Amino acid sequence: MDEESLAYLREKVAAALERAGLPPVSGEVRVQRAVAPHVELPWSGHGDIRVGGDLVVVHAREASARELADRLHDRLRRATERVTHRGATTRRTTAPPPWRGGLQE
């Protein structure tokens, strides 16, 4: 991977994970390029990121290093948002049950 692509990848990963309101973040993102010339999507990336107490795992395969960086950024951002906002919507019903003043038939 050339220096320009590596800098772009680092920038995109940092943008996804260094945001206000996120719990402490640690982990790693690995990028590989397939050696075989006939592979349609030679660039692959894998990230194991710990956000607070939760583990976020992302995978991506793309045709170029820049596309891979963009895809990893999107997936990391979406996954971290899902983990951080999950507590607000976990195990809630749309309406309270009847014994708590909900709709009664």
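The following dialogue examines a predicted model of a protein chain.

Residues are numbered from 1 along each chain as its sequence is written. Because the model is predicted, local features need pLDDT of at least 70, side-chain atom pairs count only at pLDDT 80 or more, and totals for chains, interfaces and linings use all residues, while side-chain values rest on heavy atoms, without hydrogens and water.

Colleague: Which pattern of helices and strands does the protein chain follow along the sequence?

Modeller: Helices (H or I, at least four residues) and strands (E, at least two) are DSSP runs, numbered from the N terminus. By this definition the protein chain has two helices and three strands. Read along the sequence, they give the pattern α-β-β-β-α.

Colleague: In which order do the three strands stand in the open sheet?

Modeller: Two strands count as paired if DSSP finds at least two bridges between them. Strands β1 and β2 are joined in the antiparallel sense over nine bridges, and β2 (residues 43-51) pairs with β3, also antiparallel, over nine bridges. The edge strands, each pairing on one side only, are β1 (25-33) and β3 (54-62). The order in the open sheet is therefore β1-β2-β3.

Colleague: Which residue of β2 is the bridge partner of Q32?

Modeller: Strands of a sheet pair through backbone hydrogen bonds, either parallel or antiparallel. Here β1 and β2 take the antiparallel sense. The bridge partner of Q32 in β2 is S44.

Colleague: In the hairpin of β2 and β3, which residue takes a positive phi?

Modeller: Beside this hairpin, R50 stands opposite L55 in β3. The hairpin has two residues between the strands. The positive phi, near 65°, belongs to G52.

Colleague: Is A60 buried or exposed?

Modeller: Residue A60 lies in strand β3, where A60 is the bridge partner of G45. Contact means heavy atoms within 4.5 Å; leaving aside neighbours within four places in sequence, A60 is in contact with W43, S44, G45, L68, R71, L72 and R75. A residue is buried under 20% relative accessible area, exposed over 50% and partly exposed in between (1.4 Å probe, protein chains only). Because its relative accessibility is 5%, A60 counts as buried.

Colleague: What is the relative accessible area of K12?

Modeller: K12 is found in helix α1 (residues 3-17). Not counting residues up to four places away in sequence, K12 touches A69, D70 and H73. K12 is buried, with a relative accessible area of 19%.

Colleague: Which element supplies the largest share of the largest nonpolar core?

Modeller: A nonpolar core is a set of buried Ala, Val, Leu, Ile, Met, Phe, Trp, Tyr and Cys residues joined through side-chain atoms within 4.5 Å. The largest one has 19 residues, and those with the most contacts inside it are L17, I49, V56, V58, L72 and L76. At least two residues of this core come from each of α1, β2, β3 and α2 (65-89). The largest share, seven residues, comes from α2.

Colleague: Which residues does V58 touch, not counting residues up to four places away in sequence?

Modeller: V58 is one of the residues with the most contacts inside the largest nonpolar core. Beyond four places in sequence, V58 touches G45, H46, G47, L72, R75, L76 and A79.

Colleague: What percentage of the 105 residues in the protein chain is buried?

Modeller: Both K12 and A60 are buried residues. Over the 105 residues of the protein chain, the buried share is 28%.
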